[in-house]
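Q: Please take a close look at how the aromatic rings are arranged in this model. Walk me through it in short steps, then say how far the coordinates can be trusted.

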Amino acid sequence: MPESHSTEAAVAVDVILRDGSTLRLRAPAHGDAGALLAFFDRLSEHSRYLRFHGVRRVDARLVEHFLDPDLADRGALIGVLADATGNERVVALGEYARLRDPLAAEVAFAVADDFQGRGAGTRLLEQLAIRASGVGIERFVAEVLPENSAMLAVFRDAGFEESRTLGGGEIEVHFPIARTQRFRARVEERDHIAVVASLRPFFAPAGVAVIGASKRRGSIGGELFRNIIAADFAGAAYPVNRVGEAVAGVHAYRTIEEIPDPVDLAVICVPGDRVFESAEAALQKGVPALCVISAGFAEVGSEGAERQEQLLALVRAHGARLVGPNCLGIAVPALGLNATFAPRALPPGRIAFSSQSGALGLALLEKASESGLGFSAFVSIGNKADVSSNDLLEWWEEDEDTDVVLLYLESFGNPQKFAHVAGRLARRKPILALKAGTSRAGARAASSHTAALAGSDAAVEALFRSAGVLRAHSLEELVDVATLLSSQQLPKGRRVAVLTNAGGLGILCADACDAAGLELPELAGATRHALAAVLPSEASLANPVDLLGSATGETYAQALPHLLRDPGIDAVIAIFVPPVVAGADEVAAAIRQALVREASEKPVLAVIVSADGTPESLRGAGAPVATFAYPESAARALGLAAGRAEWLRRPAGTVPTLDGIESATARRLVETTLASSNDVWLDPAATRALLSAYGVPLVPEQLVADADEAVAAARLLGRSVVLKTAAAGAHKTESGGVALNLETEDEIRTAAERIGGPLLVQPMISGGTELLAGVVQDPLFGPLVAFGPGGVLAELIGGADFRIAPLTNLDADELVQGGKAGRLVRGYRGAAAADADALVTLVHRLSRLAVDLPEVAELDLNPVLALPSGCIVVDARIRLLARPEDRSLKSW
């Protein structure tokens, strides 16, 4: 194995090119002198002419300034791949050099002739701009020969706002390198095209090799290969084992190099200590996609994580992609590809499924098969060393064979990227996710109310809500909702009619509908009249409609169409328990025939409570109804479907422009503070200065040292006062560090002596509603803005909601107007309504602060007094924490 690349992680980044290949970019070092000389020497005379605007001799002087760049004034990146001997080969080089104007730098590139046209120059430009911005450079300048159309196209298409001037036979290109919305959109577009291209060998391989395919029955490699053969794979399948022994009657090879034809996908099923050599052999053959089934990597600890890093570095060195390791495999039923060791092949359909857990993936596939669901693809991503759920969402966005996407997630690698990609895909196809590993253990160590109310689950909820991802809370619910989304149209609203032959189950269903946010409205008069004409007089025409135990298939067939025609009903849940007078098959057939005749666009959910399960006439592709085992399951699924319909109708929202923001002042305060401590609670003066820089409305206050100064300050205020401890970060109520409504000198002195100095003196503000607003920086999800009930009981009452910053106008409105806080804002139990607009502006200002200053780890405004006109913060605490170094290599 090669040496670890962990030391280069801080200066290296992996990029993906438009043809789907990958490339590792890193800063050159002294050991790269020979590789750089070879790079320039291999360039054609024309390419060297375009780079140097003339003839340039290739010698040590040409490369020496690249070898130890001073990042403050010079920066360089090289793109490296492995050559035929396994040694590193430089295929691309980019550099910038600061000009006399300290805000500008000249930028230049060179790409190997056989590597041009893949987008390497554009990716170099993106990464150099990031590095240059970090050292205070604001714009790039490039001098380009007019005939260098490829380089001019790189600058034109990158997404920067460029300008050009012509002089002296050269074109001078100028452009600011700020990451504008336009630039980010172009990067996102390039990432999407490249990721889709990189995954094509996994989902449409013409040739698949299984390395470690043993003749022995029961072995993972052997059974996986037999699964490929049994599924009637449309391409060529090649077993590879050390002795070249045929598997399932198919000629085998001792090494992958012996296979005479190209191989698109190599599935590796060998012991962990042989994975590296197997992967290297496949990559040397030119295989662009590896799926490593083998375990023994990051899941077993630090040594395994090191092996996984080395495996990924090897894959990157050859520009390939990797699924796994420690995974179940990949299946594409339409191709007959079942490269998994699942006990049976997946039925074909239009649901795509990604699972981080192989075992849970198997369990869901079994459960889904029982429900008659079919799949367009299944990918077990295992340790997701490379290919992640984010990548798969990019592929499924373009896949015409996929209508619904299911995800089982245990962790997020890049939540911000997930939010962007999932939010885009969810506008076209529903995404349903089951997220495990959400506990509040981390909240126990939180120091602020906001952080204590947050936690990983709050962040997940905020992420899914913003991206339009439907969240299931159990394996059963995941399958239930998939059943509904894959067979029925979305409801236009939340109004449900329940049709049942068992009154008790109807009541349970009504309760479940209420819990799921659905409503059972009164049926229209015309509907009740029509039902009365076909039902027994004893039947209940309320909602739920109770057909009584004597109902037959014909009864359901007559009643169901009238409910579907009711203009006040958006969906119908039909429940049947087989009595003596009618069987499940009869009623199922009648429901099916009625729905086919009616051809309604409203979703219908059937619950057949029978020992024999759901009849075949209501199962499988083409069934006009979604079926469930219990009423509660149907109600929960319908509630999520209604939520999706509402999300699709919701406009995208915009992030408002705010006035009165002094971000440079706030940035200086943060940097000055963190220069002396990596983790610090701000004192009251610094807290006030930081919040004032973002226009947060604060109660007036005066810092005093002792009781005498407190009395003097109170006289100046001329009213009842509040006395608080000025200790940085203190929980004032819990520590006894606050005294309210002090009017006399004796009261002030007594309180001051009890609390001890230094002290804050504030005017006593009466009335208003106590709320909480805050910010917490989740180490994985980024900044979260919180809003909820405030005061001393904030954590006990709960009810705080969270959104991921930056907040759109819709996010802010939902925070302020929704949940328990919304009830308080609107005026609870006769209280005056608060100024909602002022509160919306407040959370927008917190959102901007959180995005601008990721070092603000916790920010607690509690309470915020919401008044009929305006709002005011009467207590604030802020904790700063130096940001850890980003160790991720993946740029997309």
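**The aromatic rings**

A: Start with a cluster. Y96, F109, F140, F155, F160, F175 and F183 form a single aromatic cluster. Keep in mind that this is a predicted model. Average pLDDT for the protein chain is 91, and 95% of the residues score at least 70.

Now the pairs. Across the whole structure, a search turns up 18 aromatic pairs. One of them joins F40 and F52. Their ring centres are 5.7 Å apart, and the planes make an angle of 45 degrees. That angle is neither under 30 nor over 60 degrees, so a pair like this counts as tilted. F40 belongs to helix 1 (residues 33-42) and F52 to helix 2 (residues 45-52), so the pair ties together parts 12 residues apart in sequence. F40 is buried, at a relative accessible area of 0%.

F160 and F183 make a stacked pair. Here the centres are 4.4 Å apart and the planes differ by 15 degrees. F160 sits in the loop between helix 5 (149-157) and strand 7 (163-167), while F183 sits in helix 6 (residues 181-203). The pair therefore ties together parts that are 23 residues apart in sequence. Both partners are buried: F160 has 3% relative accessibility, and F183 has a relative accessible area of 1%. Both also belong to the aromatic cluster described at the start.

Next, rings that meet a charge. R427 lies over the face of W647, 4.0 Å from the ring centre. R877 places its charged end over the ring of W681, at 4.4 Å from the centre.

Finally, how far to trust the coordinates. Residues 1-10 stay under a pLDDT of 50. The model gives this stretch 20 contacts beyond four places in sequence. Residues 441-447 are also below 50. That second stretch has eight contacts in the model beyond near neighbours in sequence. Where pLDDT is low, predicted coordinates should not be read in detail. Leave the geometry of residues 1-10 and residues 441-447 out of any close reading.

To recap: F40 and F52 form a tilted pair, and F160 and F183 form a stacked one. R427 over W647 and R877 over W681 add the charge-over-ring cases.

Key:
Residues numbered from 1 in each chain as written. Predicted model: local features only at pLDDT ≥ 70, side-chain atom pairs only at ≥ 80, totals over all residues. Heavy atoms only, no water. pLDDT = per-residue confidence, 0-100. Contact = heavy atoms within 4.5 Å. Phe/Tyr/Trp six-rings, centres within 6.5 Å; stacked < 30°, edge-to-face > 60°. Helix = DSSP H or I, 4+ residues; strand = E, 2+ residues; numbered from the N terminus. Buried < 20%, exposed > 50% of the residue type's maximum accessible area, 1.4 Å probe, protein only. Lys NZ or Arg CZ within 6 Å of the ring centre and 35° of its normal.
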